[in-house]
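Reader: I would like to learn how to read strand pairing, burial and the surroundings of a ligand in a model of this kind. Could you take me through them in turn?

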Amino acid sequence: MKEKIIIIGSGHSGVQLAATLRAKKWEGPITLIGDEKNLPYQRPPLSKRVLKNISFTEPSPLRTEQYYQDNKINLLLNHRVTSLDPENHTIEYNQQTMRYDSLILATGSKPITPAIKGLSNVKSFQLRTADDAKHLHKSIDPSKHILILGGGFIGLEVAASLRQRGIEVSLIEKDSHILNRVASPVVADFLKKLHLDRGVKIHCNTTINFISKMTNQIHLYSTTGQTFKGHELILGTGSNPNIELAEKAGLKIDNGIKVDEHNQTSYKDIYAVGDCCNQFNKRYGIDLRLESIQNALDQAKNLAAHLCGESSHHQAVPLFWSDQYETKLQIAGIKKQADTQIIRSDSPNASGFSVWYFKQDKLEAMDAINSPQEFNIAKKLIQSEADLPPSSVADTAVDLKLFL
Ligand SMILES: Cc1cc2nc3c(=O)[nH]c(=O)nc-3n(C[C@H](O)[C@H](O)[C@H](O)COP(=O)(O)OP(=O)(O)OC[C@H]3O[C@@H](n4cnc5c(N)ncnc54)[C@H](O)[C@@H]3O)c2cc1C
């Protein structure tokens, strides 16, 4: 436990890994290198509280500056690692070379810029970093009409934050439903209604194929002949894993950096954690690249345990949450392979309900709208692979805790 560890990426997984290693009494040097200038901070508030507030407030730091000093974590901010050499066990940044015994890639993901004609001729915003949030925050005010491209989590959370400040918002989504990749139609429809009631103009089934700037307005043209006009354009069109370093160094890539159950890449002594990696999930029998805080923290803790020589390996149920207005959506598990979906609700107009997903009568996943207690039960039921008859979920009189 005296070897030298270098972690590239000072986001959620990188910081958690360094902190867990120190908590487990790792004695060797730990260097954490990040290309952002801010002290590592909470990313989720960027699309929520940070944009909703009239005055800009920096997101909270993950740890204090003193913490890194006290724990001898050599934090190098504002430095981009430009290459790594697996044969010689070195990385390069700022024309300096640094040697490692174990290297961890915690490089996260980056927003996708869609290939739309004219997009490069107009100013547009993407949201990944505190700097992105600061620039966006500066450019929005209630006199403006904001266009958002993409009805995924980021687009919807930004729409909610702006509407809460009285800003006019139009959101354009190419699929038939918002959140098409991650939520069932019943959850998507509930959230869509929430946004429509708050005044967001949502246009699904709408593909933009040309963008232009006219005086002080941006014009978006759809394939079906519609034109949308606004003052600022925000892209919420998904993200890709940051794999460039790994790819150049010859590590195996497959929708992210491919890692095994210990987060080891195709090179011994090089590991990857968080959004940038793709790992086989035993519970679901499929490869998963997840973009969530819980996944980033969990993989970091597992890897720290492995590096410290602990043999236990635990793969948690994937979890995600999203806050839009006063509504909280929580997702447990993966519903891709489910064949049955059951809604648990006291009444059709309830402000809270849950959707339970089964595959051959086995609980796979659950979406909870404003139902945190049921969500906690579902998490445990999925993790323990409990025997839960689907019929018991449909009946709200049944106490599901009994199946734990
Ligand atoms: C606006 C927003 C809201 C979100 N909301 C939620 C939410 O509500 N719930 C949820 O579960 N998840 C949410 N997420 C997703 C969550 O933030 C990510 O899954 C999580 O941050 C992943 O952690 P990570 O360590 O893998 O990557 P990150 O936290 O992104 O950290 C990666 C870091 O590596 C740096 N880096 C990359 N390449 C290099 C290099 N070559 N050299 C040096 N540094 C490098 C990056 O700049 C970045 O700082 C949100 C994400 C965003 C952008």
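**Strands, cores and the ligand shell**

Author: Begin with one pair: leucine 329 stands opposite isoleucine 369 in β25. This is a predicted model, in which local features need pLDDT of at least 70 and side-chain atom pairs count only at pLDDT 80 or more, while totals for chains, interfaces and linings use all residues. Residues are numbered from 1 along each chain as its sequence is written.

Reader: How many bridges join β22 to β25, and in which sense do they pair?

Author: Two strands pair if DSSP finds at least two bridges between them, and strands themselves are DSSP runs (E, at least two residues), numbered from the N terminus, as are helices (H or I, at least four). Here strand β22 (residues 327-333) pairs with β25 in the antiparallel sense over five bridges. Strand β24 (residues 353-359) also runs antiparallel to β25, joined to it by seven bridges, and lysine 359 stands opposite lysine 362 in β25. β24 and β25 form a hairpin with two residues between them, and glutamine 360 in the turn has a positive phi of about 45°.

Reader: How many residues of β25 are buried?

Author: A residue is buried if 20 or more other C-beta atoms, placed from the backbone, lie within 10 Å of its own. By that criterion seven of the eight residues of strand β25 (residues 362-369) are buried.

Reader: Which residues have the most contacts inside the largest nonpolar core?

Author: In soluble globular proteins, nonpolar side chains tend to be buried together. A nonpolar core is a set of buried Ala, Val, Leu, Ile, Met, Phe, Trp, Tyr and Cys residues joined through C-beta atoms within 7 Å. The largest one here has 65 residues, and those with the most contacts inside it are Leu147, Ile148, Ala159 and Met366. Helix α5 (residues 153-163) gives the most to this core, with seven residues. Ten of the eleven residues of α5 are buried, so this helix is largely enclosed by the rest of the structure.

Reader: Where does the ligand lie with respect to domain 1 and domain 2?

Author: Domain bounds come from an automatic or database domain assignment. Domain 1 (5-110 + 241-307) and domain 2 (113-237) both give residues to the shell around the ligand, so the ligand lies between them. A residue is near a molecule if its C-beta atom, placed from the backbone, lies within 6 Å of it. Of the 36 residues around the ligand, Gly9, Gly11, Ser13, Gly108 and Gly274 come nearest.

Key. A residue is buried if 20 or more other C-beta atoms lie within 10 Å of its own, exposed if 12 or fewer, and partly exposed in between; C-beta atoms are placed from the backbone.
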